Amino acid sequence: MTLAVLDLCFSYGPGGRRLEGISFSAGARDVVCILGPNGSGKTTLLRCLIGGLAIASGRITLAGQDATRLPPRRLARLVAYVPQGTQSVFGHRVLDIVMMGRSAHLRHFQTPGPRDEEIAVAALERVGIAGLAERSFSTISGGERQLCLLARAVAQKPAVLILDEPAASLDFANQARILDILAGLADGGLAVVMTTHHPDHALQIGTQVLGLRDGRVIADGPASRVLDEGFLTGLYGTPIRVIRSPDGLAACRPCPSHASTGVF
Ligand SMILES: Nc1ncnc2c1ncn2[C@@H]1O[C@H](COP(=O)(O)OP(=O)(O)OP(=O)(O)O)[C@@H](O)[C@H]1O
């Protein structure tokens, strides 16, 4: 399924921050990475995509249908959203939170059954936190909550997966695990759209990159073409080097004038 965005405009009100003329598409097997400095509009754009904010003009379509007119339950069967850092004051178990991903597939007033629980447990296993299933969501760590929310989205079995900085609170190993899971989900046919503050993550799994600055797209295209030193330096307003190893791996490194070179 393809999520397509055409000339999307949004404003937080007169004089407020805006998104202007955003266009891109994410088809099955794509991983679109949205990069941009703090406050550039990444979360705002994702919230427009999931119908959380009403766009001022433009179009958002799913398989050619106007996504802003889809009934919420139909939209929830097609699109899953993993927000940035969520808290819960309720005493839900981790498994309960993941089971919530199944609600879009249930009839009105139907309670989740054993098959839904199997799917939820499998999702927890996939993200590597099955051992936390019985813990209260409010007592697990920020990174564990992030993994739990990804498991909920996996259990939802969407066609399009939208994630806001999915690796933000994760240790190195879990960042690699998440990237691997997202690449695997895309390989399996999902369209993935994610924001990230790590250009390296876009280098690792991004098929396309969208560079946002002040609510506008300043560059977009295949990650391998867009992610160069000129683009990254212009996007973040600080010198950034892209270092390539002889075996073809690439990594990004900010190099502000007073930072240590890191050369030993
Ligand atoms: N509810 C709101 N009302 C008014 N302005 C808002 C609102 N939410 C966000 N903004 C402003 O819109 C701009 C874009 O915010 P947004 O959260 O989309 O940026 P971002 O690129 O996701 O930032 P970050 O990388 O820091 O998470 C910011 O200047 C922010 O202050």
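Helices and strands here are DSSP runs, with at least four residues for a helix and at least two for a strand, numbered from the N terminus. On that footing, A63 sits in the loop between β4 (57–62) and β5 (65–66). The model is a predicted one, and A63 is a handy place to start looking at its backbone. The residue is not a glycine, yet its phi is positive, at about 50°. A63 is also exposed: its relative accessible area is 53%, and the cut-off for that label is over 50%.

D7 makes a natural companion to A63. Here too a residue other than glycine takes a positive phi, near 55° for D7. The setting this time is a strand, β1 (residues 3–11). With a relative accessibility of 45%, D7 counts as partly exposed.

On the scale of the whole protein, the domain assignment splits the chain into domain 1 (3–227) and domain 2 (230–264). Between the C-alpha centres of domain 1 and domain 2 there is a distance of 28 Å. The two do touch: 15 residues of domain 1 are in contact with 11 residues of domain 2.

Next come two helices and the way they pack. Helix α4 (residues 114–127) meets helix α6 (residues 172–187) at an angle of about 125°, and their axes are 10 Å apart. That angle makes α4 and α6 oblique to each other, because it falls outside the ranges for roughly parallel (under 35 degrees), roughly perpendicular (65 to 115) and roughly antiparallel (over 145). On the α4 side the contact is made by E125, R126 and V127, while α6 brings in R177, I181, G184 and L185. Sorted by class, this contact of α4 with α6 has 3 nonpolar, 1 polar and 3 charged residues.

Two buried residues are worth a closer look, and Q156 is one of them. Q156 lies in the loop between α5 (142–155) and β7 (160–164). Even as a loop residue, Q156 is buried, with a relative accessible area of 12%, the limit for that label being under 20%. The side chain of Q156 reaches the backbone oxygen of A76, at a distance of 2.6 Å. With neighbours within four places in sequence left aside, A76 also turns up among the contacts of Q156, together with V79, A80, G101, R102 and H105.

I97 is the other, and its place is in helix α3 (residues 94–99). At a relative accessible area of 5%, I97 is buried. Once neighbours within four places in sequence are set aside, I97 is in contact with H92, F137, C148, L149 and R152. S25, by contrast, is 72 residues away from I97 along the chain, and the C-alpha atoms of the two are separated by 30 Å.

That leaves T207, found in the loop between α7 (199–205) and β9 (208–213). T207 is partly exposed, its relative accessible area being 33%. Not counting residues up to four places away in sequence, T207 touches R29, D30 and V31 as well as G221, P222 and A223. As for D220, the sequence puts it 13 residues from T207, and in space the two are 11 Å apart, C-alpha to C-alpha.

Terms used. Residues are numbered from 1 along each chain as its sequence is written. This is a predicted model: local features need pLDDT of at least 70, side-chain atom pairs count only at pLDDT 80 or more; totals for chains, interfaces and linings use all residues. Side-chain values use heavy atoms; hydrogens and water are left out. Buried means under 20% relative accessible area, exposed over 50%, partly exposed in between (1.4 Å probe, protein chains only). A polar contact is a pair of N or O atoms within 3.5 Å; within protein, one must be able to donate a hydrogen and the other to accept it, and residues adjacent in sequence count only if both atoms are side-chain atoms. Contact means heavy atoms within 4.5 Å. Axes are lines fitted to C-alpha atoms, for helices over the stretch in contact, and angles run from 0 to 180 degrees between N-to-C directions. Ala, Val, Leu, Ile, Met, Phe, Trp, Tyr, Cys and Pro count as nonpolar, Asp, Glu, Lys and Arg as charged, and the others, Gly among them, as polar. Domain bounds come from an automatic or database domain assignment.
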